[in-house]
Amino acid sequence: MAENQDGQERTEEASAKKLADARKKGQVPRSKELATMMVTMAGALMLIVSGSYVAEQMQGVMRGSLSPDFLLSDAERLPGQFFALLVNGLMSIWPLMLATLAAAIIANVVLGGWTFNLSFKFERLDPIKGVAKLFSVRSLGELFKSIAKMSFIGLAAFFLLEGMANDILGLGLEDPKEAIVNSSALLVWFFLIVSLPLVVIAAIDVPWQMWNHKKELRMTRQEVRDEHKESDGRPEVKAKLREMQQAAARRRMMEKVPTADVVITNPTHFAVALRYDEARSKAPVLVAKGADQIAARIRELASDNAVTIVESPRLARAIFASVELDDEIPAGLYLAVAQILTYVYQLRSWQAVGGDYPEAPEPDVDDIYLKDLL
């Protein structure tokens, strides 16, 4: 089990913060075997698909380089002709170059994602550490992979050559032009089939690289505790979290104001919003409360949503001091709140059918009960 300098075992999985920090430093899982396999297979497949085009273009390049006009040209024209041949040569193999470049990029992105890091560490030049790495577990693993890769490819090449022996020997009996075409086809298929063992090696190496990457980033329990303390224990972080929580709570509270039956005010310093649903609660429930600016916002929302606003300073202060959000009002305030709700229902009836305008009540709030609260 891996240990740190303090001797503690690294038994904990890497946290999201450590993974993100490692990614910023370029520490992501990579598999050279996957890249080698994808580049090789992409090159072989592209030769099969566009081999005739590449052969025709290369034939033109060879014809131009061996023409009398090129061989007998003067010194002034020679650089330009060399450059033209170089450009034509590169253009003739552009499908192969494009396919291998795309395969190399995809092979690195698909495993560890896209990273770009230009940092340079001078400790990498330390010869002592370099020698130590030669005898590390990682180096032994790379040595084993290299031996396995050469063994697989060697065996595949041996059996493939043995199977193609008659076709290869038959090339000497064919017309030169036909022999060139057939030998090119044999070479491409040989290249593809010999590359197949790389698929097996990559299939083994990719999971191992991912496991090894996670293993190297494991943390001790003390590191996990220190990270939590650093992220959650800092005063500014806690203050920011509290601020975000309070803002979210206020937002949820304000969303309930339009559902209230009545808003009782101080009239300016306090505001409380009550909702009464006989099917869900035995008594009215406090859905919002606030002082000063929050109280003003509650009154504003109530006005915008046609919620009745009643001024009752003593009752507003009593409810504000004694009731928490989403709690039912205490029994000592039942009578006073009932008087307010009766007025609200009478006001709704007057708005619907007319008649005598109801008078706003003066709720009976027990002085002793109010004194105990405030």
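This note goes through a predicted model point by point, beginning with the chain as a whole and then turning to its sheet, one helix and several individual residues.

1. The chain as a whole. The predicted chain holds 14 helices and 4 strands. Of its 374 residues, 30% are buried, and the accessible surface of the chain comes to about 24600 Å², with 62% of that area belonging to carbon and sulfur atoms. If one takes the contacts between residues at least 6 apart in sequence, 71% of them join residues that are at least 24 apart.

2. The sheet. The 4 strands form an open sheet in the order S3-S2-S1-S4, and the pairing is mixed. The edges are strand S3 (285–291) and strand S4 (308–311), each of which pairs on one side only. From one strand to the next the twist averages 20°. As general background, strands of a sheet pair through backbone hydrogen bonds, either parallel or antiparallel.

3. Strands S2 and S3. Strand S2, which covers residues 270–275, runs antiparallel to S3 and is joined to it by 6 bridges. Within this pairing, Leu274 stands opposite Leu286 in S3. Although S3 is an edge strand, 6 of its 7 residues are buried, so S3 is largely enclosed by the rest of the structure. A reader who looks at the pairing alone should keep both statements in mind, namely that S3 pairs on one side only and that S3 is nevertheless largely enclosed.

4. Thr265 in strand S1. Thr265 is found in strand S1, and at 1% relative accessibility it counts as buried, because the cut-off for a buried residue is under 20%. Leaving aside residues up to four places away in sequence, Thr265 touches Phe270, Ala271, Arg299, Ile309, Val310, Glu311, Ser312, Pro313 and Ala316. Among these partners, Phe270 and Ala271 fall in the range given for S2, residues 270–275, Ile309, Val310 and Glu311 fall in the range of S4, 308–311, and Arg299 falls in that of H11, residues 293–304.

5. Helix H11 and its two sides. Helix H11 (residues 293–304) has 12 residues and reaches 17 Å from its first C-alpha to its last, which is close to the 16 Å expected at 1.5 Å a residue. Its buried residues are Ala295, Ile298, Leu301 and Ala302. They cover an arc of only 125° around the axis, and therefore lie on the same side of H11. On the other side of H11, Gln293, Ser303 and Asp304 are exposed.

6. Where H11 sits. Which strands does H11 lie across? H11 lies across strand S1 (262–265), S2, S3 and S4, and runs at about 130° to S3.

7. The loops on either side of H11. Asp292 is found in the loop between S3 and H11, and it has a positive phi of about 55° although it is not a glycine. At 48% relative accessibility Asp292 counts as partly exposed. Ala306, which follows H11, is placed in the loop between H11 and S4. Its phi is near 60°, again a positive value in a residue other than glycine. Is Ala306 buried or exposed? At 71% relative accessibility Ala306 counts as exposed, because the cut-off for that class is over 50%. A colleague checking the backbone in this part of the model may wish to look at Asp292, with its positive phi of about 55°, together with Ala306, whose phi is near 60°.

8. Two serines in helix H8. Ser183 has its place in helix H8 (residues 176–216), and Ser184 lies in helix H8 as well. Ser183 is partly exposed, with a relative accessible area of 28%, and Ser184, at 37% relative accessibility, also counts as partly exposed. For Ser183, the C-alpha to C-alpha distance to Leu171 is 7.2 Å, with the two residues 12 apart in sequence. For Ser184, the corresponding distance to Ile48 is 10.0 Å, although these two residues are 136 apart in sequence.

Methods
Residues numbered from 1 in each chain as written. Predicted model: local features only at pLDDT ≥ 70, side-chain atom pairs only at ≥ 80, totals over all residues. Heavy atoms only, no water. Expected span 1.5 Å × (residues − 1). Buried < 20%, exposed > 50% of the residue type's maximum accessible area, 1.4 Å probe, protein only. Arc of directions from axis to C-beta. Pairing = 2+ DSSP bridges. Axes fitted to C-alpha atoms, helices over the stretch in contact; angles between N-to-C directions. Contact = heavy atoms within 4.5 Å. Areas by Shrake-Rupley, 256 points an atom, 1.4 Å probe, with all protein chains shown as cover.
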